[in-house]
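This report introduces a structure to a reader who has not met it before. The sequence and the model are shown first, and a description by region follows.

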Amino acid sequence: MTAEILDYDDALASYDPVLGLEVHVELNTNSKMFCGCSTAFGAEPNTQTCPVCLGLPGSLPVVNGAAVESAIRIGLALGCEIAPWCRFARKNYFYPDMTKDFQTSQYDEPIAYNGSVTVEVDGVEYVIEIERAHMEEDAGKLLHIGGATGRIQGADYSLLDYNRAGVPLIEIVTKPIRGTGDKAPEVAKAYVSFLRDMLRSLGVSDVRMEQGSLRCDANVSLMPKGETELGTRTETKNVNSLRSIERALRYEIRRQAAVLRSGGRVIQETRHWHEDGGFTSPGRSKVQAEDYRYFPEPDLVPIAPSREWVEQLRATLPEMPAVRNKRLQAEWGFADREFGDVIASSALDVIEATVAAGATPAGARKWWLTELARRANEADLELTELAITPAQVAAVQRLVDAGTINDKLARQVIDGVLAGEGEPADVVASRGLAVVSDSGALEAAVDKAIAADPDAAQKVRDGKVQAAGALIGSVMREMRGQADAAAVRALLLDRLS
Ligand SMILES: [Zn+2]
């Protein structure tokens with residue numbers, strides 16, 4: 001069901017994209033938003049429910065104080081004002097994942113509003129204005145059984161799991177983001193990445209996109225260049241990885257540009273992102289806010305956080321990512337470009353942990369941005385999902401620094417750790433990877449190489465040191481890579497002097 005799409009550069013030559021990002025964050029409170037049920041992920045279906053989160057008649061909700069505290073801290077970290085008084089509202093809709101036929105949310109009285117954050121792409125700073133961050137509850141989960149795609153179309157029947165119904169959510173909504181030009185998809189990715197880091201440092205959510213505890217709806221519309229009136233937007237729902245956000249937006253920009261270029265109109269609708277095919281397809285036509293018939297929730301008292309409490313919470317905010325970035329770049333002595341690569345690869349946390357485990361910043365950066373980034377990319381994993389820890393990477397680097405292994409052998413050690421063969425030192429022992437320091441074996445290999453290539457040996461004797469390269473190469477081959485090249489070179493030059 002792929003549509004006509006325009007070349008990306010061609011699309012950007014005629015249109016300016018305007019973004020809008022809605023991010024849902026599941027809070028990591030122990031209990032749900034309005035009842036005492038557990039929020040633990042992965043339990044048997046429908047074992048974490050009660051009359052309140054099942055919406056049974058006569059049950060009454062009570063607000064989770066820990067969730068309000070997290071909401072305020074998130075609002076403060078986003079630079080928002082915190083409402084001195086706000087209420088919950090009922091968002092009415094009928095769908096089996098919401099037993100009450102309404103979602104308890106916030107509408108015109110969010111707990112936090114008017115914030116802004118700054119993200120950086122290729123050395124350029126973009127200010128993202130935050131319209132609001134409001135509290136609500138998650139819906140249950142529908143499982144469609146029997147279809148090929150896991151979607152409702154073609155399924156034989158559907159199952160419902162209400163364990164997730166009532167889990168506290170914060171929805172963070174941006175104002176329209178203009179002026180990003182061809183960088184729009186990357187700015188969106190940088191923003192969600194920023195949120196993920198910020199929420200993690202606040203400790204308020206697991207922020208695991210693959211488990212749905214951080215979900216992004218990406219809105220985009222196009223304006224003909226030179227115009228200021230917003231075009232019609234589409235909303236691509238529940239994009240579940242950083243890479244997909246960038247890809248989905250890039251696709252939507254190209255698709256909308258093709259529609260507009262051919263004289264058509266973009267339809268306001270939700271769309272689904274298909275990770276495998278790399279395209280979006282139409283969902284439902286977008287419901288307008290008035291269709292939800294919002295009204296203030298009569299069963300919950302308003303929230304009126306005191307200014308003292310808000311200031312106490314402000315004092316608990318950790319170092320914000322932008323400040324931390326500047327500090328780490330200075331501590332590690334990385335050039336802007338080097339540090340930019342670290343950020344772009346989402347490698348900041350793992351490198352920091354690797355340095356904390358005893359590696360040099362340059363050593364930690366080298367392994368995570370080359371060897372490990374390549375493997376993560378091949379396996380379509382995040383760096384943190386690789387089966388190697390920062391402490392193990394630091395151990396590999398220490399083995400290199402100690403001369404036990406060289407870089408080439410280190411790659412085999414990493415292979416072993418990733419294959420589950422144990423700690424780096426275990427892999428060195430079990431695979432017999434240590435650099436041969438037995439000088440007898442090394443000297444024999446050097447003598448053999450000299451005997452096999454007398455011409456090169458004579459050149460070195462005559463002072464043409466660069467001719468030693470071929471001899472070093474044959475010694476390394478003889479030693480199956482398990483020699484220290486610098487030691488081989490020294491020994492060769494000594495022999496031929
Ligand atoms: Zn419950």
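## Terms and model

Two strands are said to pair if DSSP finds at least two bridges between them. The model described here is predicted.

## The sheet of 9 strands

One open sheet holds 9 strands, in the order β2-β5-β6-β9-β1-β10-β11-β12-β13, and its pairing is mixed. The edges are taken by β2 (81-82) and β13 (279-285); each has a single partner strand, so one side of each is left without a neighbour in the sheet.

Within this sheet, β5 and strand β6 (residues 124-137) run antiparallel and are joined by 9 bridges. One position in this pairing is Gly115, which stands opposite Ile130 in β6. Strand β5 covers residues 112-121 and includes Thr118. Thr118 is partly exposed, at a relative accessible area of 35%. Beyond residues up to four places away in sequence, Thr118 touches Glu125, Tyr126, Val127 and Phe194. Of these contacts, Phe194 lies 76 residues from Thr118 along the chain, while the C-alpha atoms of the two are 8.9 Å apart.

## The sheet of 3 strands

A further open sheet has 3 strands in the order β4-β3-β14, with antiparallel pairing. Here β4 (102-105) and β14 (295-296) stand at the edges; each has a single partner strand, so one side of each lacks a neighbour in the sheet. Strand β3 (residues 89-92) is joined to β4 by 4 bridges, and the two run antiparallel.

Which residue of β4 is the bridge partner of Lys91? The partner is Gln103, a residue found in strand β4. Is Gln103 buried or exposed? Gln103 has a relative accessible area of 7%; the cut-off for a buried residue is under 20%, so Gln103 is buried. Apart from neighbours within four places in sequence, Gln103 is in contact with Ala89, Arg90, Lys91, Tyr93, Met98, Glu136 and Glu137. The bridge partner Lys91 is thus among the contacts of Gln103.

## The zinc site and the cysteines

Which residues supply the protein donors of the zinc ion? They are Cys35, Cys37, Cys50 and Cys53, each through its SG atom, at 2.3 to 2.4 Å from the ion. Along the chain these donors follow the spacing C-x1-C-x12-C-x2-C. The angles among the 4 donor atoms are 100 to 116 degrees, and the site is tetrahedral. One of the donor residues, Cys53, has a relative accessibility of 8% and counts as buried.

The count of disulfides comes to 0. A disulfide requires two cysteine sulfur atoms within 2.5 Å. For Cys86, the closest cysteine sulfur belongs to Cys80 and is 12 Å away, which is too far for a bond. Cys86 is buried, with a relative accessible area of 0%.

## Helices α15 and α16

In α15, the residues Ala456, Ala457 and Val460 are buried. These residues cover an arc of only 100 degrees around the axis, so they sit on the same side of α15. An α-helix has 3.6 residues a turn, so residues three or four places apart point the same way. On the other side of α15, Pro454 and Asp455 are exposed. The cover over the buried residues of α15 includes α14, α16 and α17. Just after α15 comes Gly463, which has a positive phi of about 100 degrees.

Helix α16 (residues 468-478) has buried residues at Ala468, Leu471, Ile472, Val475 and Met476. Seen down the axis of α16, the buried residues fall within an arc of 140 degrees and therefore line one face of the helix. What covers them includes α14 (439-452), α15 (454-461) and α17 (485-495). After α16 comes Arg480, with a positive phi near 50 degrees. Helix α15 is among the elements that cover the buried residues of α16, and α16 is in turn among those that cover the buried residues of α15.

How values were computed: Residues are numbered from 1 along each chain as its sequence is written. This is a predicted model: local features need pLDDT of at least 70, side-chain atom pairs count only at pLDDT 80 or more; totals for chains, interfaces and linings use all residues. Side-chain values use heavy atoms; hydrogens and water are left out. Donors are N, O and S atoms within 2.8 Å of the metal (3.2 Å for Na, K and Ca); water is not among the atoms, so sites may look incomplete. Four donors count as tetrahedral if all angles lie between 85 and 135 degrees; four count as square planar and six as octahedral if opposite donors are over 155 degrees apart and all others between 65 and 115; anything else is irregular. Buried means under 20% relative accessible area, exposed over 50%, partly exposed in between (1.4 Å probe, protein chains only). Contact means heavy atoms within 4.5 Å. The arc is that of the directions from the helix axis to the C-beta atoms.
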